[in-house]
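The following exercises concern strands and their pairing. Please study the sequence and the structure before reading the solutions.

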Amino acid sequence: MPSLSVEELDRIQTALEKDGYYVIRGLMNSDVLDEAERELNKLVDTIARQQKEANLTDSLFAEEPFDKRLAKIFEGRWNDVPKIFRTELHLSGMYNILFNQDLVDIAQHVLGTEEIRLYPNYTCRPKVPGATEKHTVLWHQDAGYTQSKSWHALNDYTDEQLRSALMCVMNVWIPLVDATVQNGCMQFIPGSHTTGVQKHLEKKEYLELDPDVMAKCLDKAVDIEAKRGDVVLFGQYLYHCGLPNVSDTIRWTFDFRYQDAVASTLRHEPGHMARSALHPEKVVRDGQHWSHLELGSLTRK
């Protein structure tokens, strides 16, 4: 049975339509987050061993807490820290975050379809201390990336395919540690999702919304602080950025998207089915199933 009432689902949809985003407090079970954290600690273990074998660090820092260890391993070498983990997320302990049934219920309600795919752009980000270019996401719309053919999109899509792909997506952002102004939480411009896709400029690490556009609305920016267990939902058109991390800890977060599976991904990767009435056999069943898939394929490794 769904754990969210119809009234709650309607409230989420209304906020997304009005403001372009909604924060659900305490939705994620701590056991689910702990499971994902254990998987990430294994990835950090591997990275630590590789760095030590390459004589780039003299310790594995195994005693350091989750929100500090990766920064210790790369201390003074912030630009060497992995910007994202994506292909590495095909681990059984990630399944209950990426295919969380409450979130799929919300996506079904918001997108108005039972045909829901996990869009092939699912990411875990370790935002380390220090305001590096590599880890500070500039003001942008996700739609700016979707329509930019220099950012991994297909080159032969139609205007209708683009419109459909942009309209049929719900973004999900989940902190594994409390996200604060100090450690680099997101900022949103409420209501900016109604303006359509704006001009973006190519920067070294990211796209950036035209500063002339931002100058007209920057005073409306709000800090999106979120506790571990909270979930932030928003759409492709919302203006948003990530603040620099000026704390002494890592801001670990997941971000991913659910899409109407009828629409094109505008990528070479097909994504993975999270729910389907038409093709239930294609739905990712559990953690073991997920761990045998990969980013660019619906089949087993």
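Two strands pair if DSSP finds at least two bridges between them; strands are DSSP runs of E with at least two residues, numbered from the N terminus. The model is predicted, so that local features need pLDDT of at least 70, side-chain atom pairs count only at pLDDT 80 or more, and totals for chains, interfaces and linings use all residues. Residues are numbered from 1 along each chain as its sequence is written, and side-chain values use heavy atoms, with hydrogens and water left out.

**Exercise 1.** Determine which residues stand opposite each other where strand 4 and strand 11 pair.

*Solution.* Strand 4 covers residues 169–175 and is joined to strand 11 by 7 bridges, in the antiparallel sense. Within this pairing, Trp173 stands opposite Asp255 of strand 11.

**Exercise 2.** Locate the partner of Arg125 in strand 11.

*Solution.* Strand 3 (residues 123–127) runs antiparallel to strand 11, with 5 bridges between them. The bridge partner of Arg125 in strand 11 is Thr253.

**Exercise 3.** Establish whether the faces of strand 11 are covered or open.

*Solution.* Buried means under 20% relative accessible area (1.4 Å probe, protein chains only). In a regular strand the side chains alternate between the two faces of the sheet. On one side of strand 11, Arg251, Thr253, Asp255, Arg257 and Gln259 are buried; on the other, Trp252, Phe254, Phe256, Tyr258 and Asp260 are buried, and both faces are covered. Since 10 of the 10 residues of strand 11 (residues 251–260) are buried, this strand is largely enclosed by the rest of the structure.

Note on methods: Buried < 20%, exposed > 50% of the residue type's maximum accessible area, 1.4 Å probe, protein only. Helix = DSSP H or I, 4+ residues; strand = E, 2+ residues; numbered from the N terminus.
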